[in-house]
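Biologist: Please pick one part of this model and take me through it closely, from its own residues out to the neighbours around it. I would enjoy seeing how the pieces connect.

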Amino acid sequence: KLSIAAILIGAASAWSPSNPNSDAAASSRREIISKTLAAGAALAAPAVTNAYFVPDLPYPFEALEPYIDTPTMKIHHDKHHATYVANINKAMEGKDEVPILDLMENALDAGPVRNNGGGHYNHAFFWQEMAPPDEAKKTKPSEQLAKMIDDSFGSMDEMKAQFEAAAAPGAVFGSGWVWVVVNNAGTKLEIVGTPNQDNPLMKGVKDEIKFPILGLDVWEHAYYLKYQNRRPEYVSNWWNVVNWDKVSENCAYVVKNHAGVPVEG
């Protein structure tokens, strides 16, 4: 860095006015050297490439009202998700950064990747599957997804009932997530719960890797400002903002590619 600065300062001296003793010349010289040092620092600084980032929401913070409140969305997205991203970037310093999806399979053996990488993937997935209530109610499961729901659960209502039971405080004790997944064979839907920031893409979390198409955050930070200890109310209200077009897209991708859904960030 010093050698770059020295070269640039040397070059800057060549740009100095012909009368070096004048006040104008001194001021001009200081300005040139200051700008040159700044340019040198920019050239010498290591570039940060492929760093993970918090993706923008596909809707305004207030868009999910009245089912998910604006303050919760702001804190959840800008603070909680951002913390996971900052920590996974720190954990990956000096390493090749691959898409966050690629870190999921072996996350249980990768230290901070488990919580922070999982937290990043889970939240990036979560934001995309929701839509403002007026838009969400116009969406519906595709023929493929509707058939898998009927074959796996008997009906949409039964799937929702089983999902809500799996999201209850007694089923996911403390913090965690509840998921609708495609099984590893790609033939059936299942409902599973995971603790903390684990997800079914992680080898060892369940009996086999499973592929999420829908997921709900049941950490208290996702609902407590509005619902306090009434998690079941939060879960049942959440269906009003589920974007079934996106869930259908997730299902089609998983079945076709036998892989997890990629996320932005």
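Modeller: Gladly, and one definition comes first: two strands are said to pair if DSSP finds at least two bridges between them. Please keep in mind that this is a predicted model. My choice is strand β3, residues 211-217.

To place β3 in the chain, there are 10 helices and 3 strands in total. Read from the N terminus, the order is α-α-α-α-α-α-α-β-β-β-α-α-α. β1 and β3 are joined by 6 bridges and run antiparallel. One of the residue pairs is Val-182 with Phe-211, its bridge partner in β3.

How much of β3 is buried? The count is 7 of the 7 residues, so the strand is largely enclosed by the rest of the structure. For comparison with the chain as a whole, buried residues make up 43% of its 265 residues.

Pro-212 is a good place to look inside the strand. This proline belongs to β3 and has a relative accessibility of 1%, so it counts as buried, the cut-off being under 20%. Beyond four places in sequence, Pro-212 touches Phe-125, Trp-179, Val-180, Val-181, Pro-200, Leu-201, Val-254 and Val-261. The C-alpha atom of Pro-212 is separated by 9.3 Å from that of Ile-191, although the two residues are 21 apart along the chain. In the chain at large, 69% of the contacts with a separation of 6 or more are between residues 24 or more positions apart.

Next comes Asn-183, which has Phe-211 among its contacts. Asn-183 sits in the loop between β1 and β2, and its 9% relative accessibility puts it under the 20% cut-off, so it is buried. A polar atom of the Asn-183 side chain lies 2.8 Å from the backbone nitrogen of Thr-187. Leaving out neighbours within four places, the other contacts of Asn-183 are Lys-188, Glu-190 and Glu-208.

A second buried asparagine can be reached through Trp-179, a residue that touches Pro-212 and is also in contact with Asn-122. Asn-122 is part of helix α4, residues 112-128. Its relative accessibility is 0%, so it counts as buried. The side chain of Asn-122 makes a polar contact of 2.9 Å with the side chain of Asn-199. Outside the four-place window, Asn-122 is also in contact with Trp-177, Gln-197 and Asp-198.

Now for the helix side. β3 is among the elements against which the buried residues of α7 pack; the others are α6, β1, β2, α9 and α10. Those buried residues are Met-159, Phe-163, Ala-166 and Ala-167. Seen down the helix axis, they fall within an arc of 95 degrees, so they line one face of α7. The length of this helix can be checked as well: at 1.5 Å a residue, its 12 residues should span 16 Å, and the end C-alpha atoms are 16 Å apart, which agrees.

Phe-163 leads on to the nonpolar core. In soluble globular proteins, nonpolar side chains tend to be buried together. Here the largest nonpolar core has 64 residues, and those touching the most other members are Met-130, Phe-163, Leu-189, Ile-213, Leu-214, Tyr-234 and Trp-238. The largest share of this core, 6 residues, comes from β1, the strand joined to β3 by those 6 bridges. Met-130 touches Tyr-59, Leu-64, Ile-68, Trp-238, Val-241 and Asn-243, setting aside residues up to four places away.

Finally, a few backbone details elsewhere are worth a look. Most residues other than glycine have a negative phi, and most peptide bonds are trans. Gln-228, in the loop between α8 and α9, has a positive phi near 50 degrees. With a relative accessible area of 30%, Gln-228 is partly exposed. His-258, in the segment after α10, also has a positive phi near 50 degrees, and at 41% relative accessibility His-258 counts as partly exposed. The peptide bond joining Glu-65 and Pro-66 is cis, with omega about 0 degrees; Pro-66 lies in the loop between α2 and α3.

Definitions and conventions:
Residues numbered from 1 in each chain as written. Predicted model: local features only at pLDDT ≥ 70, side-chain atom pairs only at ≥ 80, totals over all residues. Heavy atoms only, no water. Helix = DSSP H or I, 4+ residues; strand = E, 2+ residues; numbered from the N terminus. Expected span 1.5 Å × (residues − 1). Buried < 20%, exposed > 50% of the residue type's maximum accessible area, 1.4 Å probe, protein only. Arc of directions from axis to C-beta. Contact = heavy atoms within 4.5 Å. Polar contact = N/O pair within 3.5 Å; in protein donor to acceptor, adjacent residues only side chain to side chain. Core = buried A, V, L, I, M, F, W, Y, C linked by side-chain atoms within 4.5 Å.
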